[in-house]
Amino acid sequence: MASHNFHRSDSLVKLAERLRIYNHPLNNSSNSTNARVQNQSPRFQECTVNEVVSKEQELKSEFGTDPIANNSRRVKSDRASVLVCLFEDQKGHLRVILTKRASTLSTHSGEVALPGGKVEEGDANDIETALREAEEEIGLDRSLVDVVAVLESFTNKKGITVVPVVGILWDRNAFKPVINTAEVAAIFDAPLEMFLKDENRREQEREYMGDEYVLHFFDHETENEKYIIWALTAGILIKAASIVYQRPPDFQERRPKFWNRSRR
């Protein structure tokens with residue numbers, strides 16, 4: 001468990017408040033997954049401002065229960081969740097945690113990904129899946145992550161619905177990565193805002209079943225390695241960054257239509 005003796009910046013607290021009440025256009029009263037998460041650790045509940053608590057009570061009154069906790073408990077092999085885990089660096093800039101998949105994996109080996117994976121039996125909801133997978137892959141203790149929003153889903157070419165779960169890591173120093181080498185080759189982080197900028201970005205036009213779209217490739221270099229963030233992972237991060245910074249990207253996105261095939 002992290003120490004309580006760390007400072008939460010006003011900007012990150014305000015971002016958390018705003019994301020907790022984020023409601024994407026595809027939500028409706030019968031299947032909302034973007035109210036504030038219940039059953040967070042007391043450490044996080046203590047720092048919540050009155051406005052957010054009030055909003056939570058309104059949502060619970062409207063839906064009759066907590067929309068996130070009430071998410072489907074069905075096991076779906078065609079459903080997955082990823083964790084968009086954000087933290088602030090020493091300069092106050094938002095960064096997101098990413099992984100490089102192990103070269104021995106049967107699918108997407110060696111590619112950059114967000115921590116996450118498919119729903120498994122026992123997962124109560126999409127949030128549980130994302131937190132469990134992050135803990136298994138990189139040793140991210142779920143008690144360190146304050147989940148603040150669930151974004152609209154994406155569907156890949158194979159028909160798997162991927163649900164992005166946004167969480168805040170208030171104390172980056174409390175996270176001591178433990179990499180599961182069977183699944184992950186490396187862990188790194190990147191500036192979230194880079195996914196809105198037309199810098200270090202390339203694109204390729206593609207076509208699928210008559211739909212012409214663009215895939216974006218973001219080049220990111222750390223002290224030890226160069227990474228390419230592209231395809232669905234890049235698309236999710238473009239969306240997340242657009243919501244966080246409240247502006248569209250500096251480039252034309254032209255998403256593939258099949259990403260929107262299923263909104264469950």
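## A well-covered helix

Let's start with helix 5: 13 of its 15 residues are buried, so to speak mostly covered, where buried means under 20% relative accessible area with a 1.4 Å probe, counting protein chains only. Helices here are DSSP runs of H or I with at least four residues, strands are E runs of at least two, and both are numbered from the N terminus.

Helix 5 covers residues 231-245 and reaches 21 Å from first C-alpha to last, close to the expected 21 Å; that expected span is 1.5 Å times one less than the number of residues. Right after helix 5 comes Gln246, with a positive phi near 55°.

## The sheet beside it

Strands 9, 10 and 11 make an open antiparallel sheet in the order 9-10-11. Strand 9 (201-208) and strand 11 (226-230) are the edges, each pairing on one side only; pairing takes at least two DSSP bridges. Strand 10 (residues 211-221) shares five bridges with strand 11, and Asp219 sits opposite Ile228 of strand 11.

Helix 5 packs on this sheet, touching strand 10 and strand 11; contact means heavy atoms within 4.5 Å. The direction of helix 5 makes about 75° with that of strand 11, using lines fitted to C-alpha atoms (for helices, over the stretch in contact) and N-to-C angles from 0 to 180 degrees.

## How far to trust it

This is a predicted model, where local features need pLDDT of at least 70 and side-chain atom pairs 80 or more, while totals for chains, interfaces and linings use all residues. Residues count from 1 along each chain, and side-chain values use heavy atoms, without hydrogens or water.

The chain averages a pLDDT of 83, the predictor's confidence in each residue from 0 to 100. Over residues 28-74, pLDDT stays under 50.

Conventions: Buried means under 20% relative accessible area, exposed over 50%, partly exposed in between (1.4 Å probe, protein chains only).
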